[in-house]
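Trainee: I have the model open and would like to test the labels on it. Could we go through how each one is earned?

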Amino acid sequence: GSERPQVEENMAVEYLGNDQWVKKIEGLFDSFDLNKNGYLSTEEFKTGIDRLAQKVTDRPELIAKLREASAELTTAIGITETTKADKKKFVELLAAFVTEEKAKALIEKHNEALFDVVDRNHDGHITWEEYKSVMETRGFNEPSARAAFDFLDKDKNGKIDRKELAIADVHFWTSLAASV
């Protein structure tokens, strides 16, 4: 019944009150704000995928799947064709989003689509070279990309597998603990 929204609202307040989580999400905002105008719009998410599509020209069906998952995720977060968000609003939207039951499934769906695009040779693993080339399209410098890769490579075998990426990504969005 009527208790559910209150529980979600209390959780959102917990996220917003956690400085480490807020700083992490603010950093995410900065990496997504491709034109550096202080707002996120659907255009920026599309541009990020367009840049990726320029590197991954052999699998248009995978890019299409990623576009669909990205649109679904950004809409669920609250960024639509008619709604953009500044950093403060993005943090608030994310805090509300990650407390929703559907959040984990949408993050995982996006993750699956992204993994398939980044895994260029389709061997079920993402190598450092595959990861680095994609992170460059997102504006990450090599040291930042390397730190993220090393963080994701939990078993330290020099590759990121699907499960490592899924667990780390959901954890990144939803954990109140500090992380990369």
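**Reading helix 4 and the charged pairs**

Mentor: Gladly. This is a predicted model, and we can start with helix 4: its 18 residues (60-77), at 1.5 Å a residue, should span 26 Å, and the end C-alpha atoms are 25 Å apart, which agrees.

Trainee: What puts the buried residues on the same side of helix 4?

Mentor: The buried residues are Leu-62, Ile-63, Leu-66, Ala-69, Ser-70, Leu-73, Thr-74, Ala-76 and Ile-77. They cover an arc of only 155° around the axis, so they sit on the same side of the helix. The face turned away from that side carries exposed Pro-60 and Glu-68.

Trainee: Which helices do the buried residues of helix 4 pack against?

Mentor: Their partners are helix 3 (42-55), helix 5 (87-98), helix 6 (103-118) and helix 9 (162-174).

Trainee: Why is Ile-63 called buried?

Mentor: Its relative accessibility is 5%, and buried means under 20%, so Ile-63 counts as buried. Leaving out residues up to four places away in sequence, Ile-63 touches Ile-49, Leu-52, Ala-53, Val-56 and Val-117.

Trainee: What makes Glu-43 and Lys-46 a salt bridge?

Mentor: Their closest N and O atoms are 4.0 Å apart, and the cut-off is within 4 Å. Both residues lie in helix 3, three residues apart, about one turn of the helix. In general, an α-helix has 3.6 residues a turn, so residues three or four places apart point the same way.

Trainee: How do you know whether Lys-132 is buried or exposed?

Mentor: The relative accessible area of Lys-132 is 16%, so it is buried, as the limit is under 20%. Lys-132 meets Glu-129 in a salt bridge of 3.7 Å, N to O. Glu-129, at 49%, is partly exposed, because exposed needs over 50%.

Trainee: What separates Arg-146 and Asp-150 along helix 8?

Mentor: They are four residues apart in helix 8 (residues 142-152), which means about one helical turn. Their closest N and O atoms are 3.2 Å apart, and they form a salt bridge.

Trainee: Why does Asp-119 have no salt bridge?

Mentor: The nearest side chain of opposite charge, Arg-162, is 5.3 Å away, whereas a salt bridge has to be within 4 Å. Asp-119 is buried all the same, and its place is in the loop between helix 6 and strand 3 (125-127).

Trainee: Which residues does Arg-162 join in a network of salt bridges?

Mentor: Arg-162 is linked there with Lys-65, Glu-112 and Asp-116. Across the whole structure, a search finds 17 salt bridges.

How values were computed:
Residues are numbered from 1 along each chain as its sequence is written. This is a predicted model: local features need pLDDT of at least 70, side-chain atom pairs count only at pLDDT 80 or more; totals for chains, interfaces and linings use all residues. Side-chain values use heavy atoms; hydrogens and water are left out. Helices (H or I, at least four residues) and strands (E, at least two) are DSSP runs, numbered from the N terminus. The expected span of a helix is 1.5 Å times one less than its number of residues. Buried means under 20% relative accessible area, exposed over 50%, partly exposed in between (1.4 Å probe, protein chains only). The arc is that of the directions from the helix axis to the C-beta atoms. Contact means heavy atoms within 4.5 Å. Lys and Arg count as positive and Asp and Glu as negative; His and the chain ends are not counted.
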